[in-house]
Amino acid sequence: MGAEKNIGNEKKAEAKRAKTAAVVLAAGRGKRMKSDVPKQYLLLNGRPLICYALKVFQDSFIDEIVLVTEAGEEERCRRQIVEPFGFSKVTAVAAGGSERYFSVANGLKAVSADCDYIFIHDGARPFVTQEILNRALDAVKRDGACVAAMPVKDTIRIADENGFSVSTPRRDRVWQMQTPQVFDASLIRAAYDRLLQEADRLAAEGIQVTDDAMPVETLLHHPVRLFPASYENIKITTPEDLITAQGFLQRLDPFR
């Protein structure tokens, strides 16, 4: 524990040479959760779900946090999340958009212009850790763009439109994407500027932008490094995920 603390302190000192920001997304309604309560307000061990990720970023080397919530929920987020839990690094609460990439774009606009690296994280992933953030910082400094991910455990099959198996990719080459996804600030801003310009074309071609690496790779042709995160860095999407999360909290509760 002492060694890990020393490493964390070294990372904080190193990060001071570069300004870092986090855009934390909490704008989704969470339809698969089958709840009338927005997912970010669902309670996990007595605290709103979004608080867990915010706590980790608050206690890290990150300099500023932009919280993106559903449009119209900004003041509620300030009163029920930011202020009561003392998230002093939250410099802005931005309104989300109709699609994830609109929410990210709004968050990027609220990040300070002099920021060097931007971490984009799904607020529904409560088990991001300081170790994951440290790995991300190393990777983005080296490669300019990186994504938290883990190799898949199961065999993956590619199906045709009728549901028949047509191919099996090599399992050692297939990774499951997570967040944070971290970028040189000028790179991700340029990627999103292009994305917003070409959003109509992409939609007409049926291209869905499901994460932040896609515009960097497809529009700017910049390679994105995959770095190992954790199988516990799950996204809370269904009621069953909350049950799993309760078990993980025994070890991974950042409020303890």
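This passage describes the strand order, pairing and helix packing of one sheet in a predicted model. Local features are reported at pLDDT of at least 70 and side-chain atom pairs only at pLDDT 80 or more, whereas totals for chains, interfaces and linings use all residues. Residues are numbered from 1 along each chain as its sequence is written, and side-chain values use heavy atoms, with hydrogens and water left out.

Seven strands (E runs of at least two residues in DSSP, numbered from the N terminus) form an open, mixed sheet in the order 5-4-1-6-10-7-11; two strands count as paired if DSSP finds at least two bridges between them. Strand 5 (90–95) and strand 11 (225–228) each have a single partner strand and stand at the edges, so one side of each is left without a neighbour in the sheet. On average, neighbouring strands are turned by 25° against each other, direction ignored, with axes fitted as lines to C-alpha atoms.

Strand 4 (residues 64–69) runs parallel to strand 5 and is joined to strand 5 by five bridges; Leu67 stands opposite Val93 in this pairing. Helix 6 (residues 185–197; a DSSP run of H or I, at least four residues) packs on the sheet and touches strand 6 (117–122), strand 7 (145–151) and strand 10 (175–184), contact meaning heavy atoms within 4.5 Å. The direction of helix 6 makes about 110° with that of strand 10, where angles run from 0 to 180 degrees between N-to-C directions and the helix axis is fitted over the stretch in contact.

Strand 7 is largely enclosed by the rest of the structure, because six of its seven residues are buried (under 20% relative accessible area, 1.4 Å probe, protein chains only). Six bridges join strand 7 to the antiparallel strand 10, where Gln181 is the bridge partner of Val147. Four bridges join strand 7 to the parallel strand 11, where Pro228 is the partner of Ala149.

Definitions and conventions
Buried means under 20% relative accessible area, exposed over 50%, partly exposed in between (1.4 Å probe, protein chains only).
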